[in-house]
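Thanks for coming. I have one model to show this morning, and I will keep to the geometry. Please look at the structure first.

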Amino acid sequence: PPDLAIWPENSVDRDPERNPDLRALVESSVGEVGVPTLIGAIPDAPGGRFYNENDYYVPGVGVVERYRKQHPVPFGEYVPFRRWLGFIKELALVPRDMAPGEGPVLFADPRTLQKRPTEAPPMPFTSVICFENAFGDLTRQAVNLGATFLVVTTNNLTFQRTALSEQHVVWSQVRAAENGRWTVHAALTGISAIVDPTGNVVARTGLFEPAILRADIPPIRRRTIYTALGDWFPLVCGLGVALAFLFSVPVRRRREPPEPLEPRRPLVILPTYDEAATIEDVVRRVLAADRRVEVLVVDDASPDGTAEVVRRLAAGESRVNLLVREGKRGLASAYLEGFRRGLDEGHDVIVEMDADLSHHPEELPRLLEAIETSDMVIGSRYVPGGAVTNWSRARVILSKGGNLYARTLLRLPLRDATSGFRAFRREALEALLEPGVSSDGYGFQVELAYLAWRWGYAVAEVPITFREREHGTSKISRRIIAEAMLKVTGWAWRDRFRREP
């Protein structure tokens, strides 16, 4: 006979101690084998509740120790806030609540209980029940009592033939490897298994297969790092992963510095929607800032007549062009159409700029000067000499916080990646647009800046003064902010695992 027999969770669906006929049947069965046996029972608990427990039976003695499940399944074995959730009719499927046990239990060496003389070291063991197997710290506490192996009892009847029984065995593999202990996974239905201390399954049954598993389990007393330190160990590991994620630098492509360039046909793209109050002033000041500059206004069918204002300007000035689109289609879409038109028409430098006077047209020459030795130039509010005026403190915090978030996660050496006042060389812009741009608003600006830097282009920042718009309302929205943060997080995660830019 074995040294120990294990019956699974609620293999006896009542309390043998209170039912003489059932007790006689259990004692007869245990006595027939003649060894200590772990039995799953369901006794009553105070307050109309019940316990789910493992009873340690010894032939001729009875129950010498009990372990009661500490972590019942919410809404499966008990209903939290039942008094306030009575309107949910499905809760009738859980008519009684399971009472939790008070702590882990160490069961004695079964050979000692049988009074067998042996020179082998003692083999006390511990157990958890079903759902508790998902919580590493419960198992760890039990092992720290001195258990030399672990027993998991379960009844997976409700899982039927789904993958959940298999997943439950995997949990036992995890618990075995965490604590370096042999683990006996005993299922009333489902899959039973014997797992070695490295997490390998050395014996198992199939689903709904009546069988007896036998194994020789040597005692193990050494403690693993996890057994000794508990959840501090995975927390420290998680912190290490987070720090590595934050401070690792994505691989940047090597590229030769750009050849000097003197812009011949710069194009300034002005996306508009209801900017009739400012567009004429902006266009005239842009044209006055540099005689080489041409202007393309991309208007989303503004109901305030923005397009009509631009048409009047274009009639008397050949450097002004208008592109009218149907409906309000967004900032990124407007810039992309403007970029393609500028590239098709042979412009060597293309500039983004707001049409609401938040960007000073008189600072345009500063960007054009910097583009002579760079592939991309950003008009930055947050480098020395840059400034923001007429903004609320909350808006400044939001802007600086967004840039800090992008700079930290993407390891981007730019102070103002969200700025919409910037210039591109033709060759760099063509390369950036080739794979497609996936974001809008702030995310659109960050994406282009990040791609330019990661692909090895020379990106420069020059100081500008940003002033809050004088007319209309800002088109920034919570959706645009949330999209930008999600996109930045996704790019950072992707690029930590994809080494090739």
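I will go through one sheet, then the helices on it, then a single arginine.

A reminder before we start: this is a predicted model.

The sheet is open and has 7 strands, in the order β15-β14-β13-β16-β19-β17-β20, and the pairing is mixed. At the edges stand β15 and β20, the latter being residues 459-463. Each of those two has a single partner strand, so one side of each is left without a neighbour in the sheet. On average, neighbouring strands here are turned by 20° against each other, if direction is ignored.

Now take β17, residues 376-380, which sits between β19 and β20 in the strand order. How does β17 pair with β19, parallel or antiparallel? With β19, residues 422-425, the sense is antiparallel, over 3 bridges. With β20, β17 pairs in the parallel sense, over 5 bridges. As a general point, strands of a sheet pair through backbone hydrogen bonds, in either of these two senses.

Some of the register, for those who want to check it on screen. V377 has A423 as its bridge partner in β19, and V377 stands opposite A460 in β20. I378 stands opposite R422 in β19.

Is β17 covered or open to solvent? It is mostly covered, with 5 of its 5 residues buried. In a regular strand the side chains alternate between the two faces of the sheet. For β17, M376, I378 and S380 are on one side, V377 and G379 are on the other, and both faces are covered.

Next, two helices. Helix α12, residues 426-433, lies across β16 (349-352) and β19, and runs at about 95° to β19. Helix α8 packs on the sheet as well, touching β13 (266-272), β14 (294-299) and β15. The direction of α8 makes about 150° with that of β15.

That brings me to the arginine. Where is R319? R319 lies in the loop between α8 (306-316) and β15 (320-324). Why do I call R319 buried? Because its relative accessible area is 19%, and the cut-off for buried is under 20%. Leaving aside neighbours within four places in sequence, R319 is in contact with L287, D290, R291, R292, V293, E294 and V295. Of these, E294 and V295 fall within β14 (294-299).

That is where I will stop.

How values were computed: Residues numbered from 1 in each chain as written. Predicted model: local features only at pLDDT ≥ 70, side-chain atom pairs only at ≥ 80, totals over all residues. Heavy atoms only, no water. Helix = DSSP H or I, 4+ residues; strand = E, 2+ residues; numbered from the N terminus. Buried < 20%, exposed > 50% of the residue type's maximum accessible area, 1.4 Å probe, protein only. Contact = heavy atoms within 4.5 Å. Pairing = 2+ DSSP bridges. Axes fitted to C-alpha atoms, helices over the stretch in contact; angles between N-to-C directions.
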